[in-house]
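Let's take a walk through this structure together, from its overall fold down to single residues. Please have the sequence and the model open as you read.

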Amino acid sequence: MFLEQLPNLTLTTVQRRQSQQNRKRSPPLALHPCSKHQETRTKTRRQRRKASLPITCSFKTFNFTENEMIKKHMALIKLCLFMLLNQARSPSPEIEFDNLETFVMQPAPQGVTVKCRVTRDQRGIDKSLYPLYYLHLDNEKKTFLLAGRKRKKSTTSNYLISVDATDLSRGGENFVGKLRSNLMGTKFTIFDNALNPERALPDMSNARQELAGIIYETNVLGMKGPRRMTIIIPGMNKDNERVPLRPRNECDGLLIRHQNRRMENLIELHNKTPVWNEETASHVLNFNGRVTQASIKNFQIVHSKDLDYIVMQFGRIADDIFTLDYNYPLCAVQAFAIALSSFDGKIACE
């Protein structure tokens, strides 16, 4: 019985060896930089690891395995990115202050770009719906500036801003401002921590100030594209201080004044229009290396009379990390609240 099966076993072995020799004689695949179509062949994982693919160029022929080739390309890409980001992500200049609450309300010094980072914490069931946001100076010390969180059980989007990361209550001593939206989530107003006009003194001396109004253009047609936003902030006086705006009611606020074109002592800013890039088939902006990931939240704020002066820029560098840079005449609370408005859902705008 065993002898009768031997010829068949021998024949199978010979056939297998011949097929292996034929595979070895077959010419290897060649990758040419200019060829658009290449011959493909099916290989097992083990064969792909062992296959040596010569890369032909004008000068030399290099023989690398696929894994080696991928590793070398990745190492080169990482090196280039590391050099580029280290060069572009220069830290925020040395900024010192005695009182944090005073600093975050003061406009940035003229000629100085305050470079910051926004971190989003959405770990846990509660934070997934109401994330925490932190603003730090982008320096070696990672100096903490502000924290913000969306209030629960509010009819509209309402964010509290505090100078204490552990105290985000409305009645807390560290409360410095808030961001409130309309029902559609297309318009926002930034307030300081003073009293509501209804509870303020008759002379309005202790009434809250409106620090900025934010308008997101509605997308009625549902066309895909970058967001369009308008920022209205109070003007500056001769001493480079913000002109206080304490409206007695909502009919005299920043948004209504802008709507009625009552622009006295007001500054109107817009997001810079991105440029369409044919190669990447996307809209692009030059963030000078401060932004590394594509996102609909990426934007730059400019004045229509000087498009080269970036008043503020904001963009993603990781899943939950963003850079935020602002210049005069914005303060930290204004810039942080504008960034918070970009996180809020806007069904009518996208």
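One term will help from the start: a residue is called buried when its relative accessible area is under 20%, exposed when that value is over 50%, and partly exposed in between. With that in hand, look at strand β11, residues 266-271: five of its six residues are buried, so the rest of the structure largely encloses this strand. Please keep in mind throughout that the model is predicted.

Now step back to the whole chain. The protein has 350 residues, and 38% of them are buried. Its secondary structure consists of seven helices and 16 strands. About 22,200 Å² of surface is exposed, with carbon and sulfur atoms supplying 52% of it. Among contacts between residues at least 6 apart in sequence, 50% join residues at least 24 apart.

What do the strands build? Twelve of them form a closed barrel with antiparallel pairing, in the order β3-β4-β5-β6-β7-β8-β9-β10-β11-β14-β15-β16. From one strand to the next, the twist averages 20°. Strands of a sheet pair through backbone hydrogen bonds, in either a parallel or an antiparallel sense. A good place to see this in the model is the pair of β8 (residues 187-192) and β9 (residues 210-216), which are antiparallel and share five bridges. Here phenylalanine 188 has isoleucine 214 of β9 as its bridge partner.

Moving along the barrel brings us back to β11. With β10 this strand pairs in the antiparallel sense over five bridges, and isoleucine 231 finds its bridge partner in leucine 269 of β11. The pairing of β11 with β14 is also antiparallel, over two bridges. There, asparagine 271 is bridged to isoleucine 301 in β14.

Next, turn to the nonpolar interior. In soluble globular proteins, nonpolar side chains tend to be buried together. The largest nonpolar core of this model has 49 residues, and the members that touch the most others are Val104, Leu146, Met312, Leu324 and Tyr326. Helix α7 supplies the largest share of this core, with nine residues. Leucine 324 is worth selecting in your viewer: beyond its neighbours within four places in sequence, its contacts include Val114, Val118, Leu135, Met312 and Phe314, as well as Ala335, Phe336 and Ala339. A second, separate core has six residues, among them Ile215, Ile232, Leu255 and Leu266.

The aromatic residues add another layer. A pair of aromatic rings is described by the distance of the centres and the angle of the planes. There are seven aromatic pairs in the structure. Phenylalanine 314 and phenylalanine 322 make a stacked pair, 5.3 Å from centre to centre with 10° between the planes. Both phenylalanine 314 and phenylalanine 322 are buried. Phenylalanine 314 also pairs with phenylalanine 343, this time edge-to-face, at 5.7 Å centre to centre and 85° between the planes. Because phenylalanine 314 lies in strand β15 and phenylalanine 343 in helix α7, this pair ties together parts that are 29 residues apart in sequence. Phenylalanine 314 counts as buried because its relative accessibility is 0%, and phenylalanine 343 is buried too, with a relative accessible area of 13%. Tyr133, Phe299, Phe314, Phe322 and Phe343 together form one aromatic cluster.

Finally, a few backbone details deserve a visit. Where is the cis peptide bond that involves proline 329? This bond joins tyrosine 328 and proline 329, with omega at about 15°, and proline 329 is found in the loop between β16 and α7.

Two asparagines have a positive phi as well. Asparagine 240 has phi near 60°, a positive value in a residue other than glycine. This asparagine 240 sits in the loop between β10 and α6 (254-259) and is partly exposed, with a relative accessible area of 36%. Asparagine 288 is not a glycine either, yet its phi is positive, at about 55°. The loop between β13 (282-284) and β14 holds asparagine 288, which counts as exposed because its relative accessibility is 53%.

Key:
Residues are numbered from 1 along each chain as its sequence is written. This is a predicted model: local features need pLDDT of at least 70, side-chain atom pairs count only at pLDDT 80 or more; totals for chains, interfaces and linings use all residues. Side-chain values use heavy atoms; hydrogens and water are left out. Two strands pair if DSSP finds at least two bridges between them. Helices (H or I, at least four residues) and strands (E, at least two) are DSSP runs, numbered from the N terminus. Axes are lines fitted to C-alpha atoms, for helices over the stretch in contact, and angles run from 0 to 180 degrees between N-to-C directions. Buried means under 20% relative accessible area, exposed over 50%, partly exposed in between (1.4 Å probe, protein chains only). A nonpolar core is a set of buried Ala, Val, Leu, Ile, Met, Phe, Trp, Tyr and Cys residues joined through side-chain atoms within 4.5 Å. Contact means heavy atoms within 4.5 Å. Accessible areas come from the Shrake-Rupley method with a 1.4 Å probe; for residues, only the protein chains shown count as cover. Rings of Phe, Tyr and Trp (its six-membered ring) pair if their centres lie within 6.5 Å; planes under 30 degrees apart count as stacked, over 60 as edge-to-face and the rest as tilted.
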